[in-house]
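Welcome! Here are a few short exercises to help you find your way around a new structure, each followed by a worked solution.

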Amino acid sequence: MSTITYFQFHVALLVPALLVLSAISSVRRRAGSSDVRPSGVVVVSVVALAYTIPWDNYLIEVGVWRYGTGAVAVRIWNAPLEEYLFILIQPILVALWLHHLKRPPKAGSESLSVTRRARIAGAAAGLGIGGVGLGLLARPATLYLGAILAWAGPVLALQWGFGWPYLWRRRRTLAIGVGAPTAYLWAADWLALRYGIWELAPAYTTGWNLAGLPVEEATFFAVTNLFVVQGLLLYAWVLDGRRRPSATEKG
C-alpha cells in the first residue's frame, strides 16, 4: 500500500519545481534571449501527450508497472489522471529550465545547411535505436527497456534526421538542458518507487539499477527529456531561420 498518493507526489515535488523555475526565469531572462518559444512548448506538450498516452496505457495493461493501493484518485483508460498530469508537467518543467539557461548570442542567427546525407545518417541512428528496442521486446526481462527504445526510435529519427548538426552545434546547451531535469526526475522517481506510488514488475525488467534506480526508469526520463529539449531547440531554430533576412532582402 502506498504511503503517499500520486497527487501528493505532484504537490510535493513537481509543483514547487515549476514555481521556483517560473519565478527565476521571469526575473532573469529577457525577451529574445531564450531558446524557448511559448508556441514551441505548446506543440511539444501536445505531441508528448498524444504520443505517450497510448504507449503508457498499453504497458500498464500488460502489467509492466502498477500503482499502489490508494495511490491514485481516478483512472482514465488504464492510467490514472495523475499520470496524464505528469506527462503534461514534464515538458513544461524542462522548458522552464531550458528558458533559464543563457543562450549564446549567435545561436540561431547563422545559417546551417543540413545535407541529405546528414539527414539520412541522423534518421538511421534514431531508427537503429528503435531497432535495438524491437529486439529487446523478444524477452520478458527486457520488455520494458525494449519498449522504451522502440518507442523512442521514431522520435529520435525525426529529430536527428531534421537537424542533428544544429543539435551538435548546441551540444552544451543540450547536455545541460537535459542533464539537470533528468537528475531531478530520477530522484523524484526513486522516491515514488520507495513510497509505493508505483512499482515495476520484476518479470518485465532487467533488475539492473543506476544508483538504486531501475535502469528502465533512468532511461525513460533521459530519453523523454532529450525529446523535449531537442524539440524546443529545433523549433526555435526553424523560427529563427524564417525571420533571418535573405540575401535578396539584405541587398
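Trp-77 is found in the loop between strand 2 (75-76) and strand 3 (79-80). Keep in mind that this is a predicted model.

**Exercise 1.** Decide whether Trp-77 is buried or exposed, and find which surface patch holds Trp-77.

*Solution.* Start with the relative accessible area of Trp-77, which is 55%. The cut-off for exposed is over 50%, so Trp-77 counts as exposed. Next, look at the surface: Trp-77 joins Val-74, Ile-76, Leu-81 and Leu-85 in a nonpolar patch. Together these five residues have about 460 Å² of accessible area.

**Exercise 2.** Work out where Thr-224 sits, whether Thr-224 is buried or exposed, and which residues Thr-224 contacts beyond its neighbours within four places in sequence.

*Solution.* First, locate Thr-224: it belongs to helix 7, which covers residues 215-243. Then check its relative accessibility, 8%. Buried means under 20%, so Thr-224 is buried. Finally, with neighbours within four places in sequence set aside, Thr-224 touches Gln-90 and Trp-151.

**Exercise 3.** Describe the largest pocket: how much space lies in it, which residues are closest to its centre, and which helix gives the most to its lining?

*Solution.* Begin with the volume: the largest pocket holds about 780 Å³ of space. Its lining has 37 residues, and those closest to the centre are Ala-48, Thr-52, Thr-224, Phe-227 and Val-228. Now turn to the elements that supply at least two lining residues each; among them are helix 2 (38-62), helix 5 (143-169) and strand 4 (198-200). Helix 7 gives the most, with eleven residues.

Terms used:
Residues numbered from 1 in each chain as written. Predicted model: local features only at pLDDT ≥ 70, side-chain atom pairs only at ≥ 80, totals over all residues. Heavy atoms only, no water. Helix = DSSP H or I, 4+ residues; strand = E, 2+ residues; numbered from the N terminus. Buried < 20%, exposed > 50% of the residue type's maximum accessible area, 1.4 Å probe, protein only. Contact = heavy atoms within 4.5 Å. Patch = residues over 30% accessible without salt bridge, like charges linked within 9 Å, V, L, I, M, F, W, Y side chains within 5 Å. Areas by Shrake-Rupley, 256 points an atom, 1.4 Å probe, with all protein chains shown as cover. Salt bridge = Lys/Arg side-chain N within 4 Å of Asp/Glu carboxyl O. 1 Å grid on protein atoms, 1.4 Å probe; cavity = no way out; pocket = protein on both sides within 12 Å on 5 of 7 lines; lining within 4 Å. Points joined across faces, edges and corners; volume = space filled by probe spheres on them.
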